[in-house]
Structure formats: C-alpha cells, structure tokens
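Here is a walk through a set of chains, one piece at a time. Have the structure open while you read.

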Amino acid sequence: MMESFFKRENAGRAIGLVVAVAFFAVLPLFIGEGSISLVNEMLILALAACGLNLMLGYAGMVSFGPAGLYAVGAYTTALLLLYTKIPFGLALIAGPVMAGIASIIVGWFCVRRTAVYFALLTLAFSQIIHTIIFEWYGFTKGDDGIVDIPVPEFLSSITNYYYFSLIIVCICVALMWMIVTSPFGKTLQALRENPDRTESIGIHVRRYQLSAFVLSGFFLGIAGSLFCCFNKSVFPDYADIMKSTEMLVVCLLGGIYQFLGPIGGSIVYMFLDKLITGYTQYWPLVLGLVILGLLIFLRGGIVGFIVERVAIARQGSRG
Amino acid sequence: MTFQGLIIQLLSGLSVGMVIFLIAVALSLIFGTLRILNLAHGSLYMLGAYLCFWISSTLSQVSGAFWWSLILAPIGVALFGGFLEALLLRRIYSREMLEQFLLTFALILIIGDLCKLGWGVDYHVVDTPWPLNGPIILGGIVFPRYNVFLILCGPLIYVGLSALIRYTRLGRVIRAVTYNREMANALGVNVPLVYTAVFMLGCWLAGLGGALVAPMCAVMPGMDMVVLIDCFIIVVIGGLGSLSGAFLGSLIFGLVTAFGILVAPRLAIAFGFILMIIVLIIRPWGLMGKPE
Amino acid sequence: MLRVEEIGKSFGGLMAVNGVSFQIEKGELSSIIGPNGAGKTTLFNLLTGHLSPDKGRILFKEKEITGLSPHGICRLGIGRSFQRTNIFPRLSAFDNVQVAVMSWRRKSSNIFLRVQKMLREETDEILESVGLGDKKEMTAGLLAHGDQRRLEIGIALGSHPELLLLDEPTAGMSPEESGRTVELIQGLARERGLTLLFIEHDMNVVFGISEKIRVMHMGSIIAEGMPEEVRANQDVQRIYLAEET
C-alpha cells in the first residue's frame with residue numbers, strides 16, 4: 001500500500017515540476033521586460049537560497065555568512081570578464097569553482113566548531129571577504145564596484161538572459177535534488193538531527209559537514225556569477241551581512257525543511273520587496289514585521305504550511 | 001609617529017573600546033544568562049543615542065540637560081527592552097538558534113526604521129556638556145576631556161557590575177539562574193522575571209553606551225551595525241558570558257584597532273575579525289569564558 | 001573479546017574512572033551496576049571513543065583501540081545504545097535504521113544512488129526484529145517512549161556490531177515493558193551471536209539475564225562475578241544500603 005501511494009505522489013510531483021518549468025518558460029510571452037527582469041532576479045535568489053539550504057536545512061549548519069561565497073563567485077566572474085580575454089563560459093564556471101575553493105578554506109576552519117561559534121566564524125569570514133573586496137581598490141575597484149561588465153552579444157537582451165538563467169537554475173536545482181535524495185543527503189539529515197549519534201554509526205562528521213559547506217558554497221558561487229552577468233556589475237555589498245540575512249530570510253520564509261522551500265520563499269520575498277518599496281521607504285520595517293509574523297505564526301515557512309495543509313486534507317479525504 | 005601621537009592614539013583606542021565595552025558586556029551578560037545572542041543590541045545602543053539627543057535638545061533650556069538625558073535615556077531603553085522581552089523574546093528562548101537570530105535581526109530592522117521615522121535620516125549632534133567640553137593638556141598631549149571621561153566610565157561600570165553580580169542578592173539570583181535554570185526554578189526563583197530583569201539591565205547598559213557616545217560622534221542611522229560587529233568580536237575574544245572577558249576584550253579590541261589604523265589603515269577593520277577567528281579556533285570559549 | 005587494562009579518566013580534579021580492568025569473552029552477557037555517579041556511563045564513553053582515557057589501554061579482539069574516534073570504533077564492531085534516547089527525531093523510524101545500515105555498507109557518501117529503495121530488506125529485517133515493523137513510516141520523535149528505546153537498539157544493530165553496549169535500555173519503562181525489552185534483547189543476542197554489556201539499574205533485569213556482573217563504585221570495580229556471588233557480597237550490600245540511607 002505504501003509503494004503505490006509513493007508512486008502516485010511521484011507522478012504528481014513529476015507533473016507539478018513540468019507545469020512549473022513550463023510556466024516559467026512561457027512567462028516572458030505575457031509580461032513586460034521589467035517583470036522578466038524581476039523574475040530573473042527571483043530565480044537567481046532562489047538558487048542562492050537553495051544552495052544555502054543544503055547546508056542550513058539539510059545539514060543543520062547555520063551560517064551567518066553565505067553572502068561571502070556568493071560574492072566570491074560574482075567577483076571572480078566579473079574580474080575575469082573585465083581583465084582577461086577568457087571565453088564567457090569559462091569565466092562563468094570559474095565563479096563557482098573559486099567559491100568552492102574559498103569554501104574549502106573557510107569551511108575547514110568553521111566546521112571545527114559548532115552551533116553559535118560556527119555561525120560567528122562564518123560571519124567573521126564573510127566580513128573579511130567584504131573587507132578585502134572593499135579595501136583592495138586597485139584590484140576590485142572597492143566601493144565603486146565594477147560596472148559595465150562585458151557579456152556576450154546573445155546574452156545582452158533581457159529575455160535571452162532570462163532563458164539562460166532559467167536553464168542554469170533548473171540544472172542546478174535538479175543536481176541539488178539528486179544530492180538531497182541520495183544516501184549522502186539522508187546522512188546529512190541524520191547529522192542535522194543528531195551529530196553525536198551520527199558519529200556513533202560510523203560517519204566522519206567533520207568531513208560530511210565540510211562537504212556540505214563546499215557544495216553549498218559552489219551553488220552560491222553559481223548564483224553570484226549569474227547575478228554578476230545579469231546586473232552587469234558587482235559591488236562589495238554582495239558580501240554584506242544584509243545580503244546574507246536576505247538569503248536566510250528567504251529560506252525561513254519558504255521553510256527550511258522543504259526542498260522547494262527556498263524557491264517559494266524567494267518568490268514571496270521578491271514580490272513583497274518590490275510591492276512594499278513601491279509604496280514606502282520603510283521596507284526594512286515591513287520586512288522585520290513579516291519575519292516576526294513568520295516566526296510567531298508560520299514556523300514551518302510558507303511551503304511548509306502548504307505541505308502540512310495538503311497532508312491534513314489528504315488524511316481527511318481518506319477518512 | 002611622535003610619542004605624543006602614540007599616546008593620543010592609545011587613548012583614542014581606549015575611549016572607543018570603553019564605549020563598546022558597555023554594549024559588549026550587555027551582550028555577554030544576556031548570552032550568559034538567557035543563552036541568546038541578541039543581535040538587536042546595537043540598535044538599542046542607537047536608540048539610546050537618539051533618546052539622548054531628543055531629551056537634551058528638548059530640555060536645552062535647562063542647565064545640565066545632557067546629564068538629565070544621560071539618566072533618562074538608558075531608563076527609556078531599558079523599559080523598551082522590557083517590553084520587547086515580555087512580548088517577543090520570551091517566545092523564542094527554547095527555539096533553535098536560527099530563529100533567535102532572525103527574530104533579533106528583525107528587531108534590528110524595526111528599531112532602525114522606527115528611529116528613522118522618529119528622527120529622520122540626517123545626522124544629529126549632541127553638544128559636549130560642560131564641564132567636559134574642551135581639552136585636557138598634559139605634558140604636551142592634547143586630548144578631549146570628554147574622551148577621558150569615557151575612558152573612566154568603563155572601569156567604573158565594570159566595577160559596579162561586578163559588585164552587583166557578586167555581592168547583591170540580585171546578583172546571586174542571576175548567577176544561580178545562569179548556572180542552572182531548572183535548579184533555580186525548583187528553588188523558587190521566578191526565572192522569567194529574572195530573565196526580564198537581566199535583559200532590561202542589558203538594555204540599560206546599551207542605552208547608557210549610546211547616550212555616552214552621542215556627544216562624541218554623530219547620531220545617525222547605521223551606527224547600530226558598526227558597533228554590533230565590533231561587539232561580536234569583543235565578546236568572542238573575551239568569552240561569551242564573562243564580564244571580565246568583555247572588559248579585557250574591549251581593551252584588546254580598542255588597542256588593536258587603534259594601532260591597526262597606524263600600521264595598516266586599510267586592513268585595520270580586518271584585524272578584529274582575524275583575532276576573532278584565531279580565538280574561535282584555538283579557544284572558542286574566549287580568554288575568560290568557561291568551556292561548555 | 002574485549003580487554004580493558006587500567007583505564008582512567010578524570011575531569012578537573014574528579015577521577016570518574018580510576019584504574020578499571022576487566023575482560024569480556026565472546027558471547028558473554030554481562031552487566032555493570034553501581035550507584036549513580038559510579039562512573040559507568042563514563043566507562044562506556046571511554047569504550048566507544050566519545051572520551052579518550054588519561055591512562056590505560058583498551059583492546060578489542062586483541063587490537064588496541066584506545067583513543068580511536070567513535071566512528072572508527074563503530075567500524076570495528078562495537079555498537080552502543082544510549083542512556084538518554086539518542087535517535088534522529090524528524091526522520092522516520094525506517095530512516096533512522098537505514099542511515100546506520102548505509103553507513104555500515106559504506107554507501108553514505110554516495111550522491112548518485114537513490115535512497116528510497118536502498119537496503120530495504122536489511123533495514124526492514126532489523127525493524128522487525130526490534131518490534132517496530134509496523135511503525136517504520138512513523139516520525140521517530142513521535143513514537144512512544146518504549147518504542148523509541150527499541151529504535152535506539154535498532155539503530156545500534158544497523159551497524160552490525162559484534163559487541164553491543166547497552167546503556168540502561170529499560171530506563172523509564174514499566175515492568176511489563178522492561179520484561180518485553182529484555183526478552184527482545186536476549187532473542188537478538190541469540191540470533192545474531194552478539195556479546196552484550198549492559199549498564200542497568202533495574203535489578204530484575206540485571207539478575208535475570210546477566211551471566212556475569214561487575215559492580216562499580218566511585219570509579220573502580222569493587223566486585224565481579226556471577227549473580228549469586230555478587231548478591232552475597234558484603235561490600236556491594238553496604239554500598240547499596242548506604243545509598244538508600
């Protein structure tokens with residue numbers, strides 16, 4: 001009985017997925033360029049948040065500094081495109097690769113500690129990255145940022161870049177799904193639930209945590225590189241604590257224990273952001289209140305809430 | 001760099017350090033007893049500064065207006081903090097760290113914008129009060145009197161707090177709750193009340209810090225984040241939960257930053273973080289903290 | 001099978017374990033008893049690598065394992081269940097055991113396989129043997145206390161141990177449940193040829209199933225032998241009586 005239920009759910013999931021991708025694929029036909037740009041930004045934010053959630057929701061490692069690795073990806077691609085003649089594809093891949101390398105170094109230090117000390121370490125490292133970018137004016141142009149980044153002809157139109165982003169985000173999400181539904185993914189969850197017991201069943205905890213950290217950093221780097229070419233510019237505040245918190249809020253908003261949580265969270269966040277900033281300059285105030293509301297009333301996040309309701313409805317209908 | 005210049009730099013660092021000490025010690029105290037890292041402490045400091053500006057400018061006809069605001073502003077922040085604790089913080093004590101982080105971050109956003117709503121986005125100035133305006137001149141060194149006052153405040157507060165914790169009944173109760181909440185509860189201590197009291201004390205300290213710093217620097221949006229990050233560094237170095245650690249950490253931080261600016265001005269900001277990382281790796285419970 | 005030679009561990013000034021030595025033969029069912037604070041759980045922590053001893057050696061199947069990490073010791077064949085229920089609360093009962101089995105079969109680092117169907121028979125078999133076959137889809141954190149204790153053992157079994165250390169397996173259980181758990185454990189030991197070492201406070205369990213009993217007090221073993229010998233031992237009686245007063 002369990003088998004067939006699962007199969008039915010699988011079919012439902014597959015259909016839902018096709019519908020979602022199709023929706024995003026045909027969207028540009030119905031909306032203006034400004035909106036396409038927004039959806040593009042949302043997709044990239046969703047990717048970054050999903051990357052963060054690999055570490056946060058699945059491995060239970062709370063990082064206060066994902067923006068640092070995101071910025072490493074963005075700046076690597078930006079600097080390569082600006083200063084060298086490397087082909088676009090390579091420059092784009094170099095972003096996540098560099099972010100991955102940075103993650104190995106930063107992660108090696110950070111996973112030696114747990115909980116609040118781990119979080120503070122990630123914060124310190126991302127602030128150091130921010131300082132390096134900010135101060136190294138000669139190389140990174142510091143506070144001015146890097147603008148007018150050269151992007152290939154065929155990607156300079158908004159619609160084209162949208163489809164490019166969509167494809168990359170879909171591939172990345174598929175990869176992350178594969179990771180999360182593998183033995184490795186399940187072991188990470190066990191790690192989150194009970195690191196001690198996980199060690200007692202034969203798992204080298206530090207190694208798995210570092211792997212999660214690096215995978216997370218890699219996907220954050222992809223998001224950074226994508227955003228760099230989307231915006232055709234990069235600024236030091238890509239590594240700022242506000243950006244880190246944005247990603248954390250998006251994850252929490254959608255629900256960190258759901259795979260699609262960060263994606264749902266990203267949609268809601270961007271929608272709220274653009275809506276509110278249209279009316280008032282006090283977006284931080286509204287965001288703060290939204291977070292409070294979330295923490296008090298919607299603890300599983302929006303996607304979590306939906307999943308719960310669906311489960312309850314299903315149980316009800318089966319009597 | 002002349003000898004005088006060096007001394008001035010040293011004193012500069014110390015005065016900065018001592019102000020941040022007030023917020024750092026509050027952060028440490030709250031973490032030690034309530035077990036949460038209150039990110040909004042920088043905002044409460046900023047609120048203290050704004051209240052100080054508001055009260056002293058409202059009372060500008062009264063002599064000694066600044067001193068009145070120095071008394072009233074921290075009380076205002078403490079009351080506000082008590083309200084926050086009862087309404088919001090109480091709900092998240094048993095929750096996971098991420099939720100606590102996000103709640104206190106939400107408070108940063110809210111308090112920050114409330115200050116903007118109340119006092120606008122421009123910066124405000126509080127005049128240095130008599131008799132502390134003007135410089136001290138000693139052996140060829142010219143240094144603002146007010147900064148000397150700040151340097152003296154630090155140890156004064158440290159001694160006062162230590163005495164409170166060690167010798168008063170309240171201090172004993174706080175220590176009991178910090179050491180073992182369940183046991184204290186079983187012995188009849190009203191733990192939620194103690195939590196509120198400790199939080200209000202922490203807010204009072206932050207408000208005092210803000211009020212003290214107001215004459216020295218511009219009161220404006222953004223001052224909350226700058227001081228917050230510095231505080232983290234200090235409490236990590238000194239040890240989360242340790243009073244003397246916060247004091248020691250503030251001294252170290254103040255001096256390292258001051259001399260860092262002399263040695264490598266552009267990377268001085270990073271020195272603090274590097275120190276923080278070193279401590280977290282080698283001795284995560286800080287110089288004076290206790291391993292868990 | 002297990003040989004412990006003069007191991008000691010102190011915390012601050014307190015000697016939690018003080019020069020303990022004993023041997024366990026393959027297939028033996030023995031227990032360690034003693035008043036609270038005698039150092040029993042610390043001893044277990046030393047055996048499973050959660051703590052490293054200040055002095056002495058531990059040998060398992062004649063190979064030195066002193067100071068190895070918990071995951072290394074697990075691989076060698078020593079398993080453990082914990083005094084305070086130590087499961088994976090948000091995962092299902094099935095997942096709880098599957099994770100242990102996957103680790104044993106060295107599949108945990110694989111990102112290409114699909115976890116849903118993996119090692120299903122083996123995991124199901126273990127769940128059945130601890131009596132949780134019908135509850136395998138339930139969220140572990142929502143199981144009744146007794147079921148959680150049995151899941152504890154199930155997780156330990158997932159690592160196919162040869163020596164199983166059980167820290168108060170019947171803690172918090174009613175007499176009937178304790179009895180059932182004891183039968184379960186005895187059955188498992190027989191079927192899988194396990195060597196068992198218990199820590200227990202429930203004297204019925206201890207005297208009912210142990211072939212050998214060791215009594216610890218203030219960090220040392222003060223008596224060792226068959227149940228009747230230990231029961232008659234003067235020192236042991238004195239300690240337990242002293243505890244009652």
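## Chain B as a whole

Half of chain B is tucked away: of its 292 residues, 50% count as buried, where buried means 20 or more other C-beta atoms (placed from the backbone) within 10 Å of a residue's own, exposed means 12 or fewer, and partly exposed is in between. This is a predicted model, in which local features need pLDDT of at least 70 and side-chain atom pairs count only at pLDDT 80 or more, while totals for chains, interfaces and linings use all residues. Residues are numbered from 1 along each chain as its sequence is written, with chains lettered from A and ligands numbered from 1 in the order in which they are written.

How does the size of chain B stack up against a compact globule? A globule of 292 residues would have a radius of gyration near 19 Å, and chain B has 19 Å, so the two agree. (That radius is taken over C-alpha atoms, and the globule rule is 2.2 Å times the number of residues to the power 0.38.) Along its principal axes, the C-alpha trace of chain B spans about 60 × 50 × 35 Å. Among contacts in chain B between residues at least 6 apart in sequence, 76% join residues at least 24 apart; a contact means C-beta atoms, placed from the backbone, within 7 Å.

## Helices and a hairpin in chain B

Chain B has 11 helices and 2 strands. Both are DSSP runs numbered from the N terminus: helices are H or I with at least four residues, strands are E with at least two. From the N terminus on, the order is α-α-α-α-β-β-α-α-α-α-α-α-α. Take helix H2 (residues 41–58) of chain B: 15 of its 18 residues are buried, so the rest of the structure largely encloses H2(B). At 1.5 Å a residue H2(B) should span 26 Å, and its end C-alpha atoms are 25 Å apart, which agrees; the expected span is 1.5 Å times one less than the number of residues.

Strands E1 (residues 135–138) and E2 (residues 141–144) of chain B run antiparallel, joined by 4 bridges. Strands count as paired if DSSP finds at least two bridges between them. B:Ile136 has B:Phe143 in E2(B) as its bridge partner. The two strands form a hairpin with 2 residues between them, and B:Gly139 in the turn has a positive phi of about 55 degrees.

## Who touches whom

The contact between chains A and B takes 30 residues from chain A and 29 residues from chain B. On the chain A side, H5(A) brings the largest share, 12 residues. That side divides into 23 nonpolar, 4 polar and 3 charged residues. Here Ala, Val, Leu, Ile, Met, Phe, Trp, Tyr, Cys and Pro count as nonpolar, Asp, Glu, Lys and Arg as charged, and the others, Gly among them, as polar.

Which chains share the most contacts among the 2 pairs that touch? Chains A and C do, with 22 residues of chain A in contact with 32 residues of chain C. H8(A) gives the most to this side of chain A, 8 residues, and the side divides into 8 nonpolar, 9 polar and 5 charged. No contact joins chains B and C, whose closest C-alpha atoms lie 12 Å apart.

## The sheet in chain C

Chain C has an open sheet of 6 strands in the order E6-E7-E8-E3-E9-E10, with mixed pairing. Strand E3 (residues 29–33) and strand E8 (residues 195–199) of chain C pair in the parallel sense over 4 bridges, and C:Ser30 has C:Leu197 in E8(C) as its bridge partner.
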